[in-house]
Amino acid sequence: MTTLPDPPAHLDPDHFAALGAGFMNAKLVCVAVELGLFERLADGPVSADVVAAATGLPRRGLRVVLNGLAAMKVVVKEGDGYRNGDEAQAFLAGRTSVDVRAGLRMYNQLRSEEHTSELQSHHD
């Protein structure tokens, strides 16, 4: 069995963990935009049960998304309800002249599986 050498001590793999976490955070915001969650929370706080009933989304999955957004400080959890954070209310709820939802929808349409398959076919 071959033993691989250790990487140089001055290099830190945390950079790649941060890149992956950044991707997941961005994906979560993009999914919330696609689901119309920021519009639903614009008059909040609103409970996950109310949002689930209004959208037909599964309550468990919706809570995962809302709690993830709250952890990122995009939405605010107040008791059993959620409301948009200040930036989300300003730019993601469709309530001001500056609306970044279209750009986030475009990013969300980039399907990494399709691009990965295309790159792999050129590599083989």
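In what order do the three strands of the open sheet sit? The order is E1-E3-E2, and the pairing is antiparallel. Strands and helices here are DSSP runs numbered from the N terminus, with at least two residues (E) for a strand and at least four (H or I) for a helix. Two strands count as paired if DSSP finds at least two bridges between them.

Before going further, some housekeeping. This is a predicted model, so local features need pLDDT of at least 70 and side-chain atom pairs count only at pLDDT 80 or more, while totals for chains, interfaces and linings use all residues. Residues are numbered from 1 along each chain as its sequence is written, and side-chain values use heavy atoms, with hydrogens and water left out.

Back to the sheet. Strands of a sheet pair through backbone hydrogen bonds, either parallel or antiparallel. The edges are strand E1 (46–47) and strand E2 (75–78), each of which pairs on one side only. E1 is joined to strand E3 (residues 81–84) by two bridges, and this pair runs antiparallel. If you want to trace the register, Val46 stands opposite Tyr82 in E3, and Ser47 stands opposite Gly81.

On the other side of the pairing scheme, four bridges join E2 to E3, again antiparallel. One residue pair to look up is Val76, whose bridge partner in E3 is Arg83. E2 and E3 form a hairpin with two residues between them, and Gly79 in that turn has a positive phi of about 65 degrees.

What packs on this sheet? Helix H4 (residues 59–71) does, touching both E2 and E3. Its direction makes about 105 degrees with that of E2; axes are lines fitted to C-alpha atoms, for helices over the stretch in contact, and angles run from 0 to 180 degrees between N-to-C directions.

Now for the charged side chains. A salt bridge here is a side-chain nitrogen of Lys or Arg within 4 Å of a carboxyl oxygen of Asp or Glu, and the count comes to seven. One of them takes us back to H4: Asp49 and Arg63 form a salt bridge, with their closest N and O atoms 3.6 Å apart. Asp49 lies in helix H3 (residues 48–55) and Arg63 in helix H4, so this pair ties together parts that are 14 residues apart in sequence. Asp49 is partly exposed at 38% relative accessibility, and Arg63 is partly exposed at 27%. On this scale, buried means under 20% relative accessible area, exposed means over 50%, and partly exposed lies in between (1.4 Å probe, protein chains only).

Which residues are linked in a network of salt bridges? They are Glu39, Asp99, Arg101 and Arg105. Within it, the side chains of Glu39 and Arg101 meet at 2.4 Å, N to O. Glu39 lies in helix H2 (residues 37–40) and Arg101 in helix H6 (residues 101–109), so the pair ties together parts 62 residues apart in sequence. Glu39 also forms a salt bridge with Arg105, where the closest N and O atoms are 4.0 Å apart. That pair links helix H2 with helix H6 too, across 66 residues.

Is Arg101 buried or exposed? Arg101 counts as buried, at 13% relative accessibility, whereas Glu39 is partly exposed at 28% and Arg105 is partly exposed at 30%. Not counting residues up to four places away in sequence, Arg101 touches Val33, Glu39, Phe91, Leu92, Ala93 and Gly94; contact means heavy atoms within 4.5 Å.

Phe91 turns up again on the surface, where Phe91, Val98 and Val100 form a nonpolar patch with about 230 Å² of accessible area together. Patches are made of residues with over 30% relative accessible area and no salt bridge, joining like charges within 9 Å and nonpolar side chains (Val, Leu, Ile, Met, Phe, Trp, Tyr) within 5 Å. The areas come from the Shrake-Rupley method with a 1.4 Å probe, and for residues only the protein chains shown count as cover. Val100 sits in the loop between helix H5 (86–91) and H6, and is partly exposed at 37% relative accessible area.

Finally, there's Leu57, in the loop between H3 and H4. Leu57 is partly exposed, with a relative accessible area of 21%. Leaving aside neighbours within four places in sequence, Leu57 is in contact with Leu35, Leu37, Ala52 and Leu62. Leu35 is 22 residues away from Leu57 along the chain, and their C-alpha atoms are separated by 8.9 Å.
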